[in-house]
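Subject: Structure for you to look at, with notes

Dear colleague,

I am passing on the structure we spoke about, placed just below so that you can have it open while you read. My notes on what was found in it follow.

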Amino acid sequence: MSDEQGSADERAVGDPVGGDFAGLLAKRPRRGWLTGGLEAPLGGLSVAWRRRLGSGVVAGVGLLLVGIPVYHLFSHGAAIESLLGDLLPLSFGATLMMTGAWLRWWNDDDTAPMVTAFWVLVGLVGAGLVALYVLIMHVGHGHVVQSPWFLAYDIAATGAVAGLLISRYDLRARTRHRRLSERERQFRAVFEGTLDALVVTDDRGRYVAANPAAADLFGLERSELIGKRVVDFTPEDVDVDEQWSAFLDEGSQRGEIELRRPDGEIRTVAFAATANVLPGRHLSALRDVTERTRREQELGEERARVEFLNRLLRHNILNGMNLVLAKLDVLAEDVPDGRREDVDMARHRSEEIVDLVQTARRLASDVTEASAERAIPVGDPLSAAIGTVRETYPRATVEWSPPDRPLRVRADDMLETVFDHLLTNAVEHNDTESVHVTVDVEADAETVTVRFADDGVGIPAERREQLFDGGGFSHGRDWGGFGLSIVDVLVDRYGGCVRTTENEPHGVVFHVELPRAAD
């Protein structure tokens, strides 16, 4: 790398905050117009007066260029042939008159009238003075000039049109400058305001620009960060030179790196780097993903524990309970009729344990596998759950009427478990001889609500508020049942909610609100 380039880098590094991002990514636009000095003296004029004054001057010059030969024609009886000789300057004058009218009524650039008027006057006066100087010189040397004033008129008309053309260039330069200024403001706003850290480095890996987010990420003031090198913030076991060379050769890189802050803290950073956004300037966007990485690691460990629990439930508890059920079937054949009820009760409780273990396994599988959530008709799992409860608890009366049309919700196969636990809870936790449960379904444009109203002993108001507080399995209460916790977790996963109200004259109503799917 040459000394000359090094000196240029030194100047860039010398920027105390490195904030001139636009100056690094694009050439700073110079003063983009020739008539910039007009802004100060004309700044007090309103836009309307600028239009009137500018367009009037341009049209007036055009009228002057047209009027002189016409006046000469009518005043001195000049021949039509003479007038035809001035056809070109006459066309120049007509062009200026039309330009003046356009600037007054149809132009949408408020600066164009004054800029055009300035250059037309400069061209007219400048060319006229040049013509006068030439005539004086010719006459002074004894030359005879035919129609000297018309010669000066022709030259001045040409100068006025030349000024009109120069004004077009000046206005285009103004437009380019305005666009470049807007781009600079946009670059600066993005660079300074983005939440991601942005840094610009030179070919030697030195930081020459950084935004406030980068200063926060690196743990330094921007003035301290500028001038430091990439190697200053990487762990010692990383071959920075090799990775830097590979980056320059490839032109871009993405990935994650470890960033060592001056206070010794190590942060995990995701980066996207692009080489040579300008020659010798390389842009990198950095994002701190330390917390995300930590959470992913913790989630991986949690999934491993859940998978172990899943295998434990499957191989130990579930297999053991299946053996118990098989033995109960064999034992039932030899049990006296008077004790058969005990065997049936043992079998029923064993089957409940099996169902509970299978539910726990499915919940554990949801942690380690992708959810199979889809649009399903709410009536299907509800009918199945009601049928199961009617068969299991003959003393309970479950009354419901299926909806007139299929109502689809966003859920999965575990939705039947939700309904089953709510119905079972209504039947089992009531001391009355018979329990009556009414089930109904309502829907609006966004949700489907399933209500379970029982006439049992009810739930105290203070406990109803805590049943579905979003705590899932983490609540600390010693009442409410594991089944309702499963309901809370599953419905929350579907994006719905569960709430309870008091039933009249006694009992409780469970309201299960589920997100409605498209029919």
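The largest nonpolar core has 41 residues, and those that touch the most other members are Val378, Leu415, Phe419, Val439 and Phe452. Please keep in mind throughout that this is a predicted model. At least two residues of this core come from each of helix 13 (379–392), strand 7 (396–400), strand 8 (408–411), helix 14 (415–428), strand 9 (435–443), strand 10 (447–454), helix 16 (482–493) and strand 12 (508–515), and the largest share, seven residues, is supplied by helix 14. Leu415 may be a useful residue to start from: with its neighbours within four places in sequence left aside, Leu415 is in contact with Ile376, Val378, Pro381, Val409, Tyr494 and Leu514. Another core, of 22 residues, lies apart from this one and has Tyr207, Ala214, Leu259 and Ala273 among its members.

Turning to the helix packing, helix 5 (residues 87–105) and helix 7 (residues 148–193) have axes 9 Å apart and pack at an angle of about 35 degrees, helix 5 passing helix 7 in a left-handed crossing. On the helix 5 side the contact is made by Pro89, Leu90, Phe92, Thr95, Leu96, Thr99, Trp102 and Leu103, which meet Tyr153, Asp154, Ala157, Thr158, Ala160, Val161, Leu164 and Arg168 in helix 7. Sorted by character, the residues of this contact are 11 nonpolar, three polar and two charged.

Helix 7 also holds Gly159, which counts as buried because its relative accessibility is 11%, under the 20% cut-off. The C-alpha atom of Gly159 is separated by 4.3 Å from that of Gly123, although the two residues are 36 residues apart along the chain. Leaving aside neighbours within four places in sequence, the contacts of Gly159 are with Gly123, Leu124 and Ala127.

Helix 6 (residues 112–140) has 29 residues, and the distance from its first C-alpha to its last reaches 42 Å, close to the 42 Å expected at 1.5 Å a residue. Gly142, which follows helix 6, has a positive phi, near 85 degrees.

One further residue to inspect is Thr290, which lies in helix 11 (residues 290–332). Thr290 is buried, since its relative accessible area of 15% is under 20%, and, not counting residues up to four places away in sequence, Thr290 touches Arg267 and Thr268.

With best wishes

Definitions and conventions. Residues are numbered from 1 along each chain as its sequence is written. This is a predicted model: local features need pLDDT of at least 70, side-chain atom pairs count only at pLDDT 80 or more; totals for chains, interfaces and linings use all residues. Side-chain values use heavy atoms; hydrogens and water are left out. A nonpolar core is a set of buried Ala, Val, Leu, Ile, Met, Phe, Trp, Tyr and Cys residues joined through side-chain atoms within 4.5 Å. Buried means under 20% relative accessible area, exposed over 50%, partly exposed in between (1.4 Å probe, protein chains only). Helices (H or I, at least four residues) and strands (E, at least two) are DSSP runs, numbered from the N terminus. Contact means heavy atoms within 4.5 Å. Axes are lines fitted to C-alpha atoms, for helices over the stretch in contact, and angles run from 0 to 180 degrees between N-to-C directions. A crossing is left-handed if the near helix is turned anticlockwise from the far one by less than a right angle, and right-handed if clockwise. Ala, Val, Leu, Ile, Met, Phe, Trp, Tyr, Cys and Pro count as nonpolar, Asp, Glu, Lys and Arg as charged, and the others, Gly among them, as polar. The expected span of a helix is 1.5 Å times one less than its number of residues.
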